[in-house]
Amino acid sequence: MNAPLGGIWLWLPLLLTWLTPEVNSSWWYMRATGGSSRVMCDNVPGLVSSQRQLCHRHPDVMRAISQGVAEWTAECQHQFRQHRWNCNTLDRDHSLFGRVLLRSSRESAFVYAISSAGVVFAITRACSQGEVKSCSCDPKKMGSAKDSKGIFDWGGCSDNIDYGIKFARAFVDAKERKGKDARALMNLHNNRAGRKAVKQFLKQECKCHGVSGSCTLRTCWLAMADFRKTGDYLWRKYNGAIQVVMNQDGTGFTVANERFKKPTKNDLVYFENSPDYCIRDREAVPASSCCLFITQDLLPATLIHTHTLGRKWHSEKGMGCCFYFIFSHLQAMPSWAS
């Protein structure tokens with residue numbers, strides 16, 4: 001091993017800990033805790049009392065939520081795959097995303113919306129699969145109904161999305177409801193937009209009964225669409241997100257520019273312009289950071305491409321240092337670093 005690089009590699013974890021800024025904890029960190037419900041509930045920093053109570057009372061729902069974190073973070077990364085900030089997560093960071101979401105930007109708006117949608121999707125799916133004791137298929141979808149094709153019978157297992165939305169609102173919004181500031185209102189608005197997005201893509205599926213599939217009788221149920229549809233929809237909302245300011249009495253929003261349309265409950269809202277993710281954040285990465293040790297001469301040819309070297313000297317918000325950022329994007333650890 002190259003001696004200078006070997007030394008860097010040995011003290012890198014300590015340096016990362018020193019450089020990583022402190023940010024608020026979030027239920028998003030449930031992905032990293034794993035284990036039993038009690039372990040999860042007691043080891044996720046930042047949960048407010050009502051969230052911790054729900055966590056202990058509904059361990060099966062918490063398992064669904066924690067498993068769902070991986071799904072909605074993957075969807076976030078898919079949507080931002082062509083962008084400088086690509087929804088990269090920090091496994092050791094209690095906020096999951098680091099400092100980047102401290103700014104009330106449109107990126108924050110999207111992450112809050114997609115995470116809230118992810119909770120609804122995960123809980124509703126777990127209900128339909130019989131993994132949650134407190135819910136099952138939608139009990140309201142019984143008897144007969146009528147659509148453009150005629151009369152049909154409700155049957156099968158309709159996704160109980162109302163339960164998913166109700167639980168997601170109680171759990172996800174709990175921390176924000178304790179706050180009275182502008183950011184809390186922004187988060188609550190975007191959380192709701194995310195929940196509504198999932199319900200928008202409920203689809204009716206039917207099975208025909210009759211001679212030779214004549215469909216003289218139909219049995220139908222409601223099912224959620226693939227989560228990608230929700231992600232694509234929220235991505236469009238991200239691109240059309242509306243910048244707002246607080247109104248005079250501090251209870252709601254008004255558009256920051258009179259040329260903007262007034263946001264609806266389905267729109268994403270934000271307060272601050274996004275930072276330039278190509279410029280190093282000096283607050284997140286001090287000038288004495290380990291980025292100064294990384295030079296092109298020390299990087300093997302396999303690392304020299306746009307995705308890594310192009311950002312070698314720039315730390316995106318939330319990244320402890322550029323060295324960590326480069327390695328977090330490698331498909332496999334190079335031999336010289338082991």
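In which sense do strands S2 and S4 pair, and over how many bridges? Let me start there, everyone. S2 and strand S4 (residues 217-224) pair in the parallel sense, over two bridges. One of the partnerships involves Asp153, whose bridge partner in S4 is Thr219.

A quick word on what we are looking at. This is a predicted model, in which local features need pLDDT of at least 70 and side-chain atom pairs count only at pLDDT 80 or more, while totals for chains, interfaces and linings use all residues. Residues are numbered from 1 along each chain as its sequence is written, and side-chain values use heavy atoms, with hydrogens and water left out. As for the labels, helices (H or I, at least four residues) and strands (E, at least two) are DSSP runs numbered from the N terminus, and two strands pair if DSSP finds at least two bridges between them.

Now, the rest of the sheet. Strand S1 (residues 144-147) is joined to strand S2 (residues 150-154) by four bridges, and these two run antiparallel. They form a hairpin with two residues between them. At one place Asp147 has Gly150 of S2 as its bridge partner, and Ser144 stands opposite Asp153 in S2. So Asp153 turns up twice: opposite Ser144, and as the partner of Thr219 in S4.

Step back and you see four strands in an open sheet, ordered S1-S2-S4-S3, with mixed pairing. S1 and strand S3 (202-209) stand at the edges with a single partner strand each, so one side of each is left without a neighbour in the sheet. On average, neighbouring strands here are turned by 45° against each other, direction ignored.

On to the helices. Two packed helices are described by the angle between their axes and the distance between the axes. Axes are lines fitted to C-alpha atoms, for helices over the stretch in contact, and angles run from 0 to 180 degrees between N-to-C directions.

Let's take helix H6 (residues 106-128) with H9. Their axes are 7 Å apart, at an angle of about 45°. H6 and H9 are therefore oblique to each other; angles under 35 degrees count as roughly parallel, over 145 as roughly antiparallel, 65 to 115 as roughly perpendicular and the rest as oblique. The residues that make the contact (heavy atoms within 4.5 Å) include Ser108, Tyr112 and Phe121 of H6 and Arg183, Met186 and Val198 of H9. By class, that contact has eight nonpolar, six polar and two charged residues. Here Ala, Val, Leu, Ile, Met, Phe, Trp, Tyr, Cys and Pro count as nonpolar, Asp, Glu, Lys and Arg as charged, and the others, Gly among them, as polar.

Is Ser108 buried or exposed? At 0% relative accessibility, Ser108 counts as buried; the term means under 20% relative accessible area, with exposed over 50% and partly exposed in between (1.4 Å probe, protein chains only). Leaving aside neighbours within four places in sequence, Ser108 is in contact with Val100, Leu101, Arg103, Arg183 and Met186.

H9 (residues 182-200) also packs with helix H7 (residues 161-172), at about 165° and with the axes 10 Å apart. H7 and H9 are therefore roughly antiparallel to each other. Among the residues in this contact are Ile165 and Arg169 of H7 and Arg195 and Val198 of H9.

One last stop: Cys87, in the loop between helix H5 (59-79) and H6. Its phi is near 65°, a positive value in a residue other than glycine, and at 0% relative accessibility Cys87 counts as buried. Thanks for listening!
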